[in-house]
Amino acid sequence: MLTYLRKRIISSAVPLLVVVVGVFALARMTGNPAALYLPLNATEAMREDFAIRNGLDQPIWVQMAQYFGGVLRFDFGTSMRTGESAADMALRAFPATLQLAGTTMLIAIVLAVIVGSAAALNPNGILDRFSSFVSMTAASIPDFWLAIVGIWVFAITLGWVPTSGVLGAAAWVLPVATLVMRPFGTLVQVVRGAMVSSLSEPYIKLARSKGATQYRVVGAHALRNAAAPGLTVAGDLTVGLVNGAVVVETIFGWPGIGKLMIDSILQRDFAVLQACVLLTAIAIFVLNILIDIGYALLDPRVRPSAGARGRRKARNEHRGQNNTPATTGTPTTSAPVPTAAIDA
Amino acid sequence: MTQIQEKPATQKTVKANATQRLGRPSMFSMLLRDKFATVAAVILSFVILLAVFGPVLMGELATKQNLMFMNKEPFDLSNGWAYILGSDSLGRSMLARMVVATQTTLLVAVPAVLIALLIGSLWGVWAGYHRGRRESISMRIADIIMSFPSLLLAVVVLFVFSPSAANIVLILAITRIPIYMRTARAESAELQSRTFVDAARTFGTKPNAIIARHVIPVVTPTLLTLATLEFCFVMLAESSLSFLGIGIQPPDVSWGLMVAQGRQYLQTAWWLSILPGLAIVVTAVAANMLAAWMRIATDPAQRWRLTLDKQTKKSLTTVIKDTK
Amino acid sequence: MMTEMREPTADKATANDTVLEVTGLDVDIRTPRGTVRVVSQVSFTARRGRTLALLGESGCGKSMTAKAIAGLLDPVASVSAGRAELNGVDLNQMTAKQRRAVAGPGLGIVFQDALTALNPVYTIGAQLGESFRIHRGANKKQAKAEAIDLMRRVGIPEPETRVNSYPHQFSGGMRQRILIAMAVALSPQLLIADEPTTALDVTVQAQIMALLHKLRTEDHMAVVLITHDLAVVAEEADEVCVMYAGNVVEQGPVDTVFSNPTHPYTKGLLDSVPSDAQRGEGLSSIPGSPPELNKIPSGCVYQERCPLVSAICREERPVLRETGVAQRAACHFSEKVSSAKVSTELANSFEEENR
């Protein structure tokens, strides 16, 4: 486990560093924040003073060195906008995003497992066509438009739910409903594909030959095998949600990390932006480890004895399915999913 | 004995049918067999035609303001055909504006997809063919691009350079390159260990020639399918950027921007943001359906599904149902 | 020991002993190119304490026959005619619930490929104990105890610790033992073994066959053994059905059929065994290959490769008829088969042609 963690940290460190440095440099290319924070008639002295206070008078590499020095002491700088600690602001916004993403994924997974399994049991049946239709539409609807349609129908026309805010259960309905479409659409196809291939495996016949009920065959034997690819894709989707709830958070006024990030980009609030990027990256890192652990729990073939390489390999194999577009109404008897070669 | 008598007859028909279906049908006839794909192709062709010829025909109408004719409801023929989709807050024809927006939308999405496809595929094929350090460095770069907040990239370009359509194309192309890279690398890494590539290598063929002659033709169908799918994604991404105010800038107009502009009138004039959004959805669904069809049509192992005539298909599905 | 058990079947067989009776079984597969009959008019009887072998080349329909009996046909295949009665009840007429009740206590199956037939994500103990949980309502602990007993019975060392291992942690031979244990868990009356040794080394094959034999004797089961291996049939089976292109071409007691084949295909198969072959003498083989299932000729199914073929064979499909004591064959010229040199000659000439 320790070797695994070490490897994981080393392999994530380089991209993370590049991203943070890149964000640091790019953010400063967007222009001088002085223009935004000082009155239009500010004197040259005021501008200089502002630059010195925020360390903007130094060359960029000195600023960077100072920033990383601070990060090592867990000092992530202060917001130019509010004067608060940037880390505090990011940490305060993060739970809102996490709650939204968590609720969305929970609903998406439960629905996808039920609908996907049912679709796999009857390929090309009504439910199968329905689910492939939903996933194709979900991949084609811009989420901001879906949100607007939702607001128009349910908030404006019907007046059932509020248009924004986090207060009360009703406020959750529209954001979650908007966000749930895409993860559900993707997952339902992954679950369906994995279930179709899992149901055509000989061990399903073996279970049937023992007199197992349909419920047992599907629920215990097929689903457990289909769970691993589903988990990988669900993990990637969660990462996407944590990263990309910007639009939905903006529209519904959800005080999450996405909204904070775009606000700080637009306000040139560099410290807060960097804190957001770092926090998201760390969250994604932790999420990936959790997925790896969950994967190992689900599939004994990739437990530590099999080595981290085998684990990654197996996961990446499943990841390929993520790109698989939804199927049309053509009959599909079995999806050729490669099963990892295994031998003790 | 009667059974035996009957046998030759049925056998013959089966054989005849089989020969009829032998040989590879043209892509076009396969397209016509799948009615969803046909509809999708028709829709996409229509959108492309609109983008090419629309602005010439309706460009003037799209900018003609008429403050006496504000926020007219759509689907009201008494306003004349130009206002069939209603008018906006400045009295401009929605129909004309949407037609003009079609061109902008496609002019961003199509080049972005093509650039990303070209660079990503070649890079990925090259990395996958050579393996080793070239591969791992390339993949690391892909990882970095993928984990970069593309919103920030868009804002930077917006502030540093001019917020033109060309720059948005650039951003979208760069952020989507890794997608093609990963797929192309995986396919080419698998191919480079095949015997026919080995054979070419033993003849002393140069790597680039092998890539061009043996690897690229094999991976092309997969990548084209992916590109069709990506067209849908890139279009959505452009509209998201425009919606957030960091994409296409007025006075240019794209579908995404129209949704954003219409948002403040949601209470009074719903069509301003709902209709352009619908255009995005219809185009994206069509691209998606065409991609799904292409995936089957370019896969030799699955192509037969599209060559079945209706009757066989029907009997096959009913049989599968019966045995359940 | 084996010879003691192999007594003439005809007089010993009583209705009481019959476990499985298959009559006129047809199985069809629907393909995009039309319906193909892969099993045609197959009939046989499996009796308690005896082994019946379905013998044939791959693709001859023997596995399909077994799957049809077990109710495990793929969705594109279905039984279109005939009966398969287990203790007098037609398996094909059963409801899904009745079938589930029979699967396990009535009928056990040993699958061919142990690696894919075992569920990779569950421990061996859980999979072995599953039958007891389904049919006997055992709890986890009882099921595990039963699993350990079973593992001991099929000769897996250290069952107490191995019970918690996963399939990929076992060798091929051990996995096959586990599959057998699973099939016999509830002492079924009928055991279907579908090529149980194909994926294994020769030495392990013998152990597995010995294990099957031991279990058959202990539980007094009827065994249907599906194989392409003539030696296994000669060693283990009491009766044999030789299948070719979906049809039974000859059936009867193994002794009789093997010593006095009355179908040219059986004869050809037996002659191709290099038992007494002299050094330097060409090995004999049957020229040609079985017909594709969608191109089975009208008339005799074996006409394309048969040395005795004549006009009638092309026109009329021979039906199974008595050719000896409890022996039946589907050939118009059964009487000629024993005297004719069916394949050796041909094979030699075939070889010469190629020279």
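**Entry 1: C:Ala326**

I started with C:Ala326, which is partly exposed because 16 other C-beta atoms lie within 10 Å. A buried label would take 20 or more, so 16 doesn't get there. I should jot down early that this is a predicted model.

Where does C:Ala326 lie? I found it in the loop between β11 (321-324) and β12 (327-329) of chain C. Its phi caught my eye: it is positive, about 60 degrees, although C:Ala326 is not a glycine.

**Entry 2: C:Glu195**

Next I looked up another non-glycine residue with a positive phi, C:Glu195, where the angle is near 45 degrees. C:Glu195 also sits in a loop, the one between β7 (190-194) and α10 (202-219) of chain C.

Is C:Glu195 buried or exposed? I put it down as buried, because it has 21 C-beta neighbours inside 10 Å.

**Entry 3: C:Phe111**

I moved on to C:Phe111, in the loop between β6 (107-110) and α5 of chain C. C:Phe111 counts as buried because 24 other C-beta atoms lie within 10 Å.

Then I asked what C:Phe111 touches, not counting residues up to four places away in sequence. My list has C:Ala117, C:Leu179 and C:Asp194 from chain C, plus A:Pro202 and A:Leu206 from chain A. I also checked C:Phe111 against C:Pro167: they are 56 residues apart in sequence, and their C-alpha atoms are 14 Å apart in space.

**Entry 4: where chain C meets chain A**

Those chain A names sent me to the contact between the two chains. How many residues take part? I got 22 residues of chain C in contact with 21 residues of chain A. On the chain C side, α4 (96-102), α5 (114-117) and α6 each supply at least two residues. The largest share comes from α6(C), with 4 residues. Sorted by class, the chain C side has 12 nonpolar, 7 polar and 3 charged residues.

**Entry 5: helix α7 of chain C**

I picked one helix to go through slowly: α7, residues 140-153 of chain C. Its 14 residues should span 20 Å at 1.5 Å a residue, and the end C-alpha atoms are indeed 20 Å apart, so the two agree.

Which residues of α7(C) are buried? I wrote down C:Ala143, C:Lys144, C:Glu146, C:Ala147, C:Leu150 and C:Met151. Looking down the helix axis, I saw why they go together: the buried residues fall within an arc of 160 degrees, so they line one face of α7(C). They pack against α6 (124-135), α8 (159-162) and α9 (172-184) of chain C. After the helix comes C:Gly155, with a positive phi near 80 degrees.

**Entry 6: the nonpolar core**

I then went for the largest nonpolar core, which has 267 residues. Which of its members touch the most others? They are A:Ala90, C:Leu190 and C:Val224. Domain 1 (18-237) and domain 2 (261-276 + 283-353) of chain C each give this core at least three residues.

I followed up on C:Leu190, leaving aside its neighbours within four places in sequence. Its contacts include C:Val19, C:Leu20 and C:Ala46 from early in my list, and C:Val224 is on the list too. Also there are C:Leu86, C:Gly106, C:Leu107, C:Met221 and C:Ala222.

**Entry 7: the two domains of chain C**

Chain C is divided into domain 1 (18-237) and domain 2 (261-276 + 283-353). I looked up the distance between their centres, taken over C-alpha atoms, and it is 31 Å. Their contact takes 7 residues from domain 1 and 6 residues from domain 2. The domain 1 side is made up of 4 nonpolar, 1 polar and 2 charged residues.

**Entry 8: chains C and B as wholes**

Last, I zoomed out. Chain C has 16 helices and 12 strands, and 49% of its 355 residues are buried. Of its contacts between residues at least 6 apart in sequence, 66% join residues at least 24 apart.

What about strands in chain B: how many are there? I found 0, alongside 13 helices, so the run of elements from the N terminus on is just α after α. Of the 324 residues of chain B, 44% count as buried. Among chain B contacts with a separation of 6 or more, residues 24 or more positions apart account for 69%.

Note on methods. Residues numbered from 1 in each chain as written. Chains lettered and ligands numbered in written order. Predicted model: local features only at pLDDT ≥ 70, side-chain atom pairs only at ≥ 80, totals over all residues. Buried ≥ 20, exposed ≤ 12 C-beta atoms within 10 Å, placed from the backbone. Expected span 1.5 Å × (residues − 1). Arc of directions from axis to C-beta. Nonpolar A, V, L, I, M, F, W, Y, C, P; charged D, E, K, R; others polar. Core = buried A, V, L, I, M, F, W, Y, C linked by C-beta atoms within 7 Å. Domains from an automatic or database assignment.
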